[in-house]
Amino acid sequence: MDVKQLRKAAWIIFFVTPGLMIVGVFILLPLFMSLYNSLFSWNQLLPVEFVGLENFSRLFTKYPYQQRFLNALQNNLIWFLSTMVLQNSVGLLFGYLMSRSIPGYQAFKRIFFIPVLFSIIAVGFLWGLYLKPSGLVNNFLGLVGLESLQHAWLGEERFATMAIIMVNIWRWVGFPSLVFLAAIDNVPTECLEAAHLDGVGEWKLFWKIVFPLIIPSITIITVLTVIGSLNVFEQIYTMTGLDGGPNYSTDTIGTLFYRTAFGSVDAGSPEIGIGSAIGVVIYILTFLISLISIRFSRSREVQL
Amino acid sequence: MKRFLLLMLVCTVAVSTLFAAGTTETPVAGSQAKTEIHFWTWRPEDVDFYASQIAIFEAANPDIKVVQTAHKNTEYNTILAAALAGGSGPDVFQGRAYGGLATFADSHYLEPLEQWLPELKNYSPTALLGATSPTDGKIYGSPAVSQTVFMYYNKAIYKELGLSIPKNWAQLIANFDAMKKAGYIPLANGAKDGWTLETMLGGMGPAFYGATDFFTAVVEGKKNFQDPAFIKMIEKMKSLTAYMPDMFMGVSYEDMRANFFNEVAGHLVGGSYEAAYFNAQNPDLDYDVFAIPGEDASKPGPVSVYADMNFAMNAASQKKNAAVKFLKFLSSKDFGNSMIRELKMISSVPGVDASSDPFIARVLELQKNATPFIFLVGFRYQQPTGSSLWQAAAQGVMAGTLTPAQAAKQVQDGIASYYKPFQK
């Protein structure tokens, strides 16, 4: 190795080390710590003995862990499906409309993106107020004569999860819109012009030309949606609380993990072993599902 | 040139990061070396009270500075557990009682207090039970207050409608009906926050499930939560939804308290800890409390009582001598009297004169029919705790997604998964 190469290597190390240290200390270390913690039985906040995978088997088979875990996982699935269907298709529609330069699109671009910049905690807190029985939403419904639609949005089991998902979509829809707008703007104009000259309609133009060319962005948004849906926590925490109330109807694996690992004041003491096991399961799920969705979308990409 | 500039930029950033980290580590050197101790509470609403008490303590102990931090009630244990586990916890703090205390004591985060505070032997056994770990029998907290759950009622509305304190359940319902007719919300309680339904159970439950006799029987495993009396109690609780606010499933703890102190609602099932908050929010509010009666007018209504809040010391504290001084202050009669006077809380300090305050005197009178706050005192030591099972099941009942029998089974099955007397 000559001096030049050595210098190059030194520079690479110089630039990579800080990032590597951050990833190591704040991501990899906690990951292995929770794996390590999940292999022990715990007395309150102290590890007692090595029990292998017993915490995992309790999580998957024993009452009440199994029930709570499956219930939470089901809610995460609802989060993923609703976000994919509602948020991302609305985002795609917004992105497409803005790329067609509809009147005022510059203003829309900014308006849609503003909520993305808000703190998630502030959004949760404010919407928590709006969705109260006497809050903004019900008052509005009363004002337009739709009293029959007034509900305790965050207090009724059948509405609570969807209400929180809608708030999250309101907050986040600007992000996919902007990503899709950028992707659509990148579609070469000669392709579109050629299609127009051949008399292709707007509908066909979108599905046959634009859509296949923006699949890389769809992949990114899908992966982010998967990760986001599996890591839902702050929204629940601010709007219905750590217990995922009412009667666990808004519980997700994020809140279940937090509650189990750290305990919930008015309900119970922490169980670090099981909590860490949930943490490890969340990691594995996120990793696997992201991998699958990347593979799936890659296979559908086209190159010009 | 470009490369040089880039290098300079990188160096500047690196150096400034180092220094930024360095300055936060350096302690600020004061003119005189004060011992600084940290004190945590879960009562943001009492920050002013503690600040004034700390001022009194600091005046008597000029070498000690107490820094108070209040955390949101529902997040307190989590934050405290994380801080203690990370070695950065406060020196002195409000600790929970019963199972909440055991979590920290059994993890060796709490300092056993007998040798530091010999005066603990003067406390009542009931108070000490909430501060003792069942694992080793040592005392880990200086008992601060007991709480009592009962019905608050608005005296002005009672006077306006010509109502009197109900002697039995039928009279209570009649009062509710009269209030509803007059346009008031009869009962302020909601069901969005599950734990407030445990409070509701503590208030109206004992008269129906059989108070202390039932408590002793379930703790010993002679009865269980599918007992007809317990199911009947759940039915009675469910029947109260007719008198609760519109869309009560969305009414949170803050909302229900506001309903009561804004005089929109005439009653609230709540703990003795609410009184000071009501006084602060609406000094003109004319209220009193009564024990919720059962069906038999000849029997006085029982009230659920529990030891709440112990002042505890961090076993890893580097400043134990200063911390003990502060603990002794928090266990003093003067402090106890201030708690009674300003917070309207029933101080557990022996020898305090609780009767100096009419509200406290009334609470003490009701405590003659005290019964343990069932899930907290008896079933909050293991997961799933009776409290977490009850809170979720009760939400199901109130919303109509569970029947009282299903809810009772859910609670019973959950506790039976670990509670030996139920497995016989």
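In this predicted model, helix 11 of chain A covers residues 215-230. Its 16 residues should span 22 Å at 1.5 Å a residue, and because the end C-alpha atoms lie 22 Å apart, the expected and modelled lengths agree. Several positions along helix 11 of chain A are buried, namely S217(A), I218(A), I221(A), T222(A), T225(A), V226(A), S229(A) and L230(A). The cover over these buried residues includes helix 3 (65-99), helix 8 (174-185), helix 13 (253-262) and helix 14 (272-298), which also belong to chain A.

We can turn next to the nonpolar cores. In soluble globular proteins, nonpolar side chains tend to be buried together. Here the largest nonpolar core holds 165 residues, and V92(B), F326(B) and A393(B) are those with the most contacts inside it. Leaving aside residues up to four places away in sequence, V92(B) touches I37(B), F39(B), F311(B), M313(B), A323(B), F326(B) and L327(B). A second core, separate from this one, has 15 residues, among them F180(A), L181(A), V210(A) and I221(A). Of these, I221(A) is also one of the buried residues of helix 11 of chain A.

Finally, there is the contact between the two chains, to which chain B gives 38 residues and chain A gives 30 residues. On the side of chain B that touches chain A, two or more residues come from each of helix 3 (76-85), helix 4 (99-106), helix 8 (194-204) and helix 18 (386-399) of chain B. Helix 18 of chain B supplies the largest share, with 7 residues. By residue class, this side of chain B comprises 13 nonpolar, 19 polar and 6 charged residues.

How values were computed. Residues numbered from 1 in each chain as written. Chains lettered and ligands numbered in written order. Predicted model: local features only at pLDDT ≥ 70, side-chain atom pairs only at ≥ 80, totals over all residues. Core = buried A, V, L, I, M, F, W, Y, C linked by C-beta atoms within 7 Å. Buried ≥ 20, exposed ≤ 12 C-beta atoms within 10 Å, placed from the backbone. Contact = placed C-beta atoms within 7 Å. Helix = DSSP H or I, 4+ residues; strand = E, 2+ residues; numbered from the N terminus. Expected span 1.5 Å × (residues − 1). Nonpolar A, V, L, I, M, F, W, Y, C, P; charged D, E, K, R; others polar.
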